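Visitor: Please give me a close look at a single part of this model. Start with what encloses that part, then work outward.

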Amino acid sequence: MELNQELLSQIGLLAAAVLTLITLSYAIGDHPLFRLVLYLFIGVAAGYAAAVAVQDIVLPQLVFPILNEVAGTPSLDLVELGVRSLLAVLLFAKLSPRTARLGNPVTAMLAGIGAALAIGGAVQGTLLPQIGAAAGTFDVASFELALQGGYYGEGIRIIFDGVVVLLATVSTLAYFHFGAASRGKQEPLRSIFIDALAWAGSVFIAIALAALFSGVLLAALGALIERLAFLREIALMFMGVP
Amino acid sequence: MPTQPVQDPEENLPDWLRALRKRQSQEPSEGLGAENAPSDLPAAASEPEPRQEPSWLQEIRARYKKTTGSLPATEGTELGDTQPHRVKAADQAPVEETPAAEETQPPMEEPQAVKETPPAFEEEIPESQDEESGAEETIKPSYTPAFTEDQVPIDPGVLPSWLQALRPGGSYPTEDARSGEMLPGVEETSGPLAGLSDVLPADASIARVEKPPVYSARLEVTENQGLHAAVFIKMLDETEPPPVDEAHRVARPTRVLNLIMATVLFLSVLFPLVTQSQTAGLPDPQLFPEATNVYSLIDGLPAGAPVLVAFEVQPALNGEITPLAIAILGHLLDRQAQLVFISTRPSGPALAERMLQEQFSAVPAVATGAYTQLGYLSGGLAALRSFISDPRGATLSTMSAGADAWQNSSLDPIRGINSFALIVVVSSNAEDARAWIEQGAGVLPNGLVAVTSAQAAPLLRAYLQSDPLTLLGLVSGIQGAALYERLRAQDGGLGRAYWDAYSYGIGAIMLLILLGGLYGRLIRMKPEKPITSGAARGT
């Protein structure tokens, strides 16, 4: 029996609308239907990822070349195929606790390469450029141009920006400075200067965390708007309104 | 305990044994000298007179006769088995004997050495020994003794060689370790068994209750450790736990507040969507130069320029990023850019394809398939680095279909990552965009632009001001979509359609935060009610 494609599409849209309503009903409290939808979403996402990995990676990169080799129509170099197969078998050994040790070299290789790339990338792509940006806090060239052109307000803005960035950087670093000088038999205390900087740093850290939180909130708001717009379209569609 | 009269074991000796012993007594040197007795025994020691006893033994017998009349049969039997041997051994063993002396035959000592026997040893000699003085010949033992006292030439304080050979390992008590209460025949002096003899002591040391020793629980710390402990205690004291009653009072209206906030938020978002209102003012492009940079870069692309689109979108945030992605991709398609899609997320290629087919199916480039899907790039950072270093050498999921995407003639000019005129990272979180920025640092001289969710923007803004510049432009969220549509002077876009709902929603959120803060203040200012017993139990 051949199903109507349009009917299938409408059924899919209706199911999506019902699942969306159940998800939004979390506003009145947790309930089993919400959990069911949650598990469904997680299961579908994980299942799809596994299907993609098997269909697009495992089968074409490992299984099919082995079958071709067995059938006498090799599609890969034998050495490369052997290395792939060996690594795959060793990694597969991690499934059992008794043979898990065999997979340690492969896991170590994956973790080591990942860590090396992450650290190298962070240093080269984040740390050094950020240090360079912090070192050039005061745009002296622009400041001189602004003064030469008579744009004193712009010059003050450049200085103000530099002061704010410098204060934020230094005070935030001071917040994480927990060293204290010994005072003999009295308990050690941080210096007043460091304490003041740390307090200012806590203000900047709070602002940064608030920015991150507002970003998450705005992202959720955007998702909510899109879902409500979808529900409106579905409602109009089933009501026959163009 | 039943007692029986003591019987001399000599009484039960058979006639042949009596004759043998009599003959042995007449020939003492033949009886022991050949087997047991030392060869160098002096004649005086080897032939003691039957009635001659050491003076100390006679004193013990005399004292014991005064205190006790007779011994139990068991005691007598036991003594008949053991005590004669002990006495003989004590008589023959030297008082101070060394292991070296045990190995060699000790010289016989003078009889007066017996006087050096410790008093404790004298006291434990039982009374039964004195019976052998007169009645020895009449006692019939139930066993055959190896030798008798009148036959063995015992020299006091000297052990015979055969007895030395029987001694275990050289470690043996030189004197009886038993206390006076444990000696046989001693009456119990306390408890319900008082007056009875031959009982185990009732007040043994294990039954005594003593006060356990008191050990000091005070830690020995140095001054420096004490100072650190004081700082730590001070830090703990400064951390005040929330009062239980306040938490209980605040938790009660939480559900009601949730409903109120959800209703306000839903209405503020739903009303503009239903009414299709477009009254809210659009964002000013002058305030977002990073978005203007993205527009300028795309708008400056020549026709047919290859553009790599990394579609790193999660399904959960696809709805939020869709308006912005549509605006960016629409601009790219209008510029007739040659789009090449790739993703390090399994769901990325499917979501990108779905967006193209739903939103741009009428565009000739999409309708004719004049774009390239490289597919899913598996392997995380390592695969990403490999792709950036050598795009054609990377393993892609589209190769599974048997068709290599790089065989497309439109991609012939692309030999490396720098062959792309622009790299656009469409990402729903900051980590994916940061991975592209970090792995491409130093490799991408032109940098890249990011099209992200609103939650990723705060983290990525730092890269807009890095030195050297690693991120050329940034657009994010619904606001970015509305802004980009305004830059393109585009009407009817999703960004503009959602912008009013977005603006009113932000206003509602701000209002709720403000009112929530005031409500919290009012709650704190309210005088605390006494905690009832039910509230204290949490009921």
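Guide: This is a predicted model. The part is helix α19 of chain B. The cover over the buried residues of α19(B) includes α7 (192–239) of chain A. From chain B, the cover includes α12, α13, β5 (448–452), β6 and α20.

How many residues of α19(B) are buried? The count is 9 of the 11 residues, so α19(B) is largely enclosed by the rest of the structure. The buried set is B:Gly477, B:Ile478, B:Gly480, B:Ala481, B:Ala482, B:Leu483, B:Tyr484, B:Glu485 and B:Leu487. Just after the helix, B:Ala489 has a positive phi of about 55°.

Next, the loop that leaves the helix. B:Arg488 sits in the loop between α19 (477–487) and α20 of chain B. Its partner is B:Asp334, and the two side chains meet in a salt bridge of 2.2 Å, N to O. B:Asp334 belongs to helix α13 of chain B. The two residues are 154 residues apart, and the pair links distant parts of the chain. B:Asp334 counts as exposed because its relative accessibility is 51%, and exposed means over 50%. Helix α13 is also one of the elements named in the cover of α19(B).

Now take α12, another element of that cover. B:Glu290 lies in helix α12 of chain B. Is B:Glu290 buried or exposed? B:Glu290 is buried, at 9% relative accessibility. Beyond its neighbours within four places in sequence, B:Glu290 is in contact with B:Arg461, B:Leu464, B:Gly473 and B:Leu474.

One of those contacts is a salt bridge. B:Arg461 and B:Glu290 bring their closest N and O atoms to 2.8 Å. B:Arg461 is in the loop between α18 and β6 (471–476) of chain B, while B:Glu290 is in α12 (residues 289–299). This pair also links distant parts of the chain, 171 residues apart. The two ends differ in exposure class: B:Arg461 is partly exposed at 35% relative accessibility, whereas B:Glu290 is buried at 9%.

Set that beside a salt bridge in chain A. The side chains of A:Arg227 and A:Glu226 meet at 2.9 Å, N to O. A:Arg227 is partly exposed, with a relative accessible area of 27%. A:Glu226 is buried, with a relative accessible area of 16%. Chain A also holds a network of salt bridges that links A:Glu154, A:Arg157 and A:Asp161. Over all chains, the count is 11 salt bridges.

The helix α7 of chain A helps to cover α19(B). That leads to the contact between the chains. There, 57 residues of chain B are in contact with 47 residues of chain A. The size of an interface is often given as the accessible area lost when the parts come together. Here the buried area is about 4200 Å², and carbon and sulfur atoms give 72% of it. The rule finds 0 salt bridges across this interface. Polar contacts are present: 7 residue pairs, both residues at pLDDT 80 or more.

Which elements give two or more residues to the side of chain B that touches chain A? They are α9 (223–238), α11 (254–275), α13 (318–334), α16 (380–389), α17 (430–440), α18 (457–460) and α20 (494–525) of chain B. The element that gives the most is α11(B), with 10 residues. That side of chain B divides into 33 nonpolar, 16 polar and 8 charged residues.

On the other side stands chain A. It has 7 helices and 2 strands. Along the sequence, the pattern is α-α-α-α-α-α-β-β-α. Of the 242 residues in chain A, 21% are buried. Among contacts in chain A with a separation of 6 or more, residues 24 or more positions apart account for 37%.

Last, the aromatic rings. The count is 6 aromatic pairs over all chains. One of them joins B:Phe341 and B:Tyr371, with 6.1 Å centre to centre and 85° between the planes. The pair counts as edge-to-face because the angle is over 60 degrees. B:Phe341 is in strand β2 (residues 338–343) of chain B, and B:Tyr371 is in the loop between α15 (364–367) and β3 (372–376). They are 30 residues apart. B:Phe341 is buried, at a relative accessible area of 1%. B:Tyr371 is buried too, at 13%.

Terms used. Residues are numbered from 1 along each chain as its sequence is written. Chains are lettered from A and ligands numbered from 1 in the order in which they are written. This is a predicted model: local features need pLDDT of at least 70, side-chain atom pairs count only at pLDDT 80 or more; totals for chains, interfaces and linings use all residues. Side-chain values use heavy atoms; hydrogens and water are left out. Contact means heavy atoms within 4.5 Å. Buried area is the accessible area (1.4 Å probe) that two parts lose on being put together, summed over both. A salt bridge is a side-chain nitrogen of Lys or Arg within 4 Å of a carboxyl oxygen of Asp or Glu. A polar contact is a pair of N or O atoms within 3.5 Å; within protein, one must be able to donate a hydrogen and the other to accept it, and residues adjacent in sequence count only if both atoms are side-chain atoms. Helices (H or I, at least four residues) and strands (E, at least two) are DSSP runs, numbered from the N terminus. Ala, Val, Leu, Ile, Met, Phe, Trp, Tyr, Cys and Pro count as nonpolar, Asp, Glu, Lys and Arg as charged, and the others, Gly among them, as polar. Rings of Phe, Tyr and Trp (its six-membered ring) pair if their centres lie within 6.5 Å; planes under 30 degrees apart count as stacked, over 60 as edge-to-face and the rest as tilted. Buried means under 20% relative accessible area, exposed over 50%, partly exposed in between (1.4 Å probe, protein chains only).
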